[in-house]
Amino acid sequence: MQVLIADNVSRQCDAVLNAHGIETVRAVGTPRQELLAMLPNYEGMIVRSAVTVDREMIQAMPRMLAIGRAGAGVDNIDVVAATERGILVMNTPGGNTTSAAEHTLAMLMSLLRKIPAANASIRQGKWDRKTFVGTELFGKRVGVLGLGRIGREVASRIASFQAQIVGYDPVLSPEAVRALGLEPTTFQEMVESCQIITIHIPLTAATRGLIGRPELARMPHGSFIINCARGGIVDEAALLEALNSGQIAGAALDVFSTEPPTFPAALMDHPNVVATPHIAASTHEAQERVAVDIAVQMAEFFEGLGARGVVNANGMEDCLMSAARPMMRATRLLGRLLAQLGGPNTSHFNLIAHGPDATQIMQGLEAALLTGVMCQRQSGAVNEINAARIAAAAGITVEAVGEGEHPRYQMLIAAEVVAASDHDGNQDGDEDDGHEGGQSHHAAVTLFGRDDVRLVMLDNLWFDVVLSGVLLLIRGTDRPGALAAMGGALAQQNINISDVSLGRCQDSGDAVTVIRIDGDVSPEALDALRNLPVVQTVKVVRMG
Ligand code: NAD
């Protein structure tokens, strides 16, 4: 494994990865074209915020398994493009929380007490005590917008100033906000009533320009705004107008819509603005912490010990652990099998997992089933990270439920493909579909040991056959000599049988024989089988 470190991340990052036997190569400040040329060689990439990992870069990463952001925000990474390519994106959201919260407080107090301007004045040899009359935080109504990691820490620090703190976060109920020691409020009410608003939310399509001209106009006259989250959440042109008019008394900004901004910048030059160059997370402690965190997370992921700080495959953390890999593989094979049985027009699958180990990773099993289905249906790279997205684009849905132990097996993964009513029943054209089109098919797999995936049920008949290679599903008459006739027909074509299992249909007097063969089946061998009087239909499935 090789990891490309493309940003100025602490050397602790290399040390941790190297200790896990992972090679690191540094490409800090490397021109974009050179970086693009390097990308095809790496399984991992680590950045901070200086490098923009866009779609073009992601398309130049055929081997990439994971992109790590040493820090919280991932807006410099095209997560959608990475997900489409099946690349895991991970960050270290907690590593800089304390630093970001402390910087917010530093900015807030600097703004209220005009410390940067007073400091600049005294450096010019002035003793001006009138210009720098400040504002107390004590007793002010302060709105904390966003009560995630940093918002909460900021709120708890402001509490020591005995301000009246209100909080809003759409994912938290009023009770949950109260439990944090804050008064719950709405966004509108926060805007209309708070003398100070401090922003701790991500930049998304929904939050871009969230605080614009109308919101600034509705804030109490002479209010303050602090943004140490992301540039673009506050409309900068509207903020400058509000500062000029005195509607907003001051703003403390660590982040800007364009970084670095174009200088000279009227907003940063404004006397009532305190600005820093996106340094809220820039402490020695935070930089060491995020560098070590991302290295440990990436090493764990490569070693199959799970994935932490996952951005684009939430809920998949447990199934990325090596202990879960056999079940994921078994489910992928099940998806492949059902995609072949159902044919190209099927669009809905049901998944039932039995047993405690399997039911703990339902989201992963669902993704694994879709991976198997989509691998069968398209040629591009599909894995558990991009399968749901690719399947959704193709209109394929899965309903998954977890159940207790199965009466026959400790762990059983069963699935059904619900065939489209217009399905013609023959995927390969030249092969009989042993199970008519327009019907659902059920199958179930279990594991013997770690790697031996067994097909144990097919359309309500019980089997026991290794699910790999090429399988012939032969429906025919259940009578003495039938199996010998099939074996003979294959032997005549020089095809060796590696595994065989028989399922008997009690009511019809038919049997389904699953024959696993070495190599592939020739059209002549298929004809020979079909021509046997004991054979009704033959379906070939190739498990790869
Ligand atoms: P977090 O994910 O823990 O919390 C973000 C919270 O914002 C979530 O609880 C979410 O529900 C909430 N939220 C989303 N949209 C909202 C809305 N419209 N109104 C109210 N709440 C909303 O993230 P965090 O670690 O606390 O980081 C917060 C922000 O700070 C992020 O944008 C992050 O990128 C930024 N940050 C900046 C620096 C810096 O150097 N300036 C450093 C670290 C983090």
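1. A polar contact is a pair of N or O atoms within 3.5 Å. Keep that cut-off in mind for the ligand. The model is predicted.

2. Start with Asp 169. An N or O atom in its side chain is 2.6 Å from an oxygen atom of the ligand. Ile 201 uses its backbone instead: a polar atom there is 2.9 Å from a ligand oxygen. Arg 230 contributes a side-chain N or O atom, 3.3 Å from an oxygen of the ligand. The protein covers 84% of the 850 Å² of accessible area that the ligand has on its own.

3. Now the wider surroundings. The ligand is surrounded by 25 residues. Asp 169 and Ile 201 are among the closest, along with Arg 149, Ile 150 and Asp 254. What classes of residue make up the shell around the ligand? There are 14 nonpolar, seven polar and four charged residues.

4. Turn to the sheet. It is open and has seven strands, paired in parallel. Their order is 8-7-6-9-10-11-12. Strand 8 (183–184) and strand 12 (273–275) are at the edges. Each has a single partner strand, so one side of each lacks a neighbour in the sheet.

5. Look inside the sheet at one pair. Strand 10 (residues 223–227) and strand 11 (residues 248–253) run parallel, joined by five bridges. Ile 225 sits opposite Ala 251 of strand 11.

6. A helix joins the picture. Helix 11 (residues 236–245) packs on the sheet and touches both strand 11 and strand 12. Its direction makes about 140° with that of strand 11.

Conventions. Residues are numbered from 1 along each chain as its sequence is written. This is a predicted model: local features need pLDDT of at least 70, side-chain atom pairs count only at pLDDT 80 or more; totals for chains, interfaces and linings use all residues. Side-chain values use heavy atoms; hydrogens and water are left out. A residue is near a molecule or strand if one of its heavy atoms lies within 4 Å of it. A polar contact is a pair of N or O atoms within 3.5 Å; within protein, one must be able to donate a hydrogen and the other to accept it, and residues adjacent in sequence count only if both atoms are side-chain atoms. Accessible areas come from the Shrake-Rupley method with a 1.4 Å probe; for residues, only the protein chains shown count as cover. Ala, Val, Leu, Ile, Met, Phe, Trp, Tyr, Cys and Pro count as nonpolar, Asp, Glu, Lys and Arg as charged, and the others, Gly among them, as polar. Two strands pair if DSSP finds at least two bridges between them. Helices (H or I, at least four residues) and strands (E, at least two) are DSSP runs, numbered from the N terminus. Contact means heavy atoms within 4.5 Å. Axes are lines fitted to C-alpha atoms, for helices over the stretch in contact, and angles run from 0 to 180 degrees between N-to-C directions.
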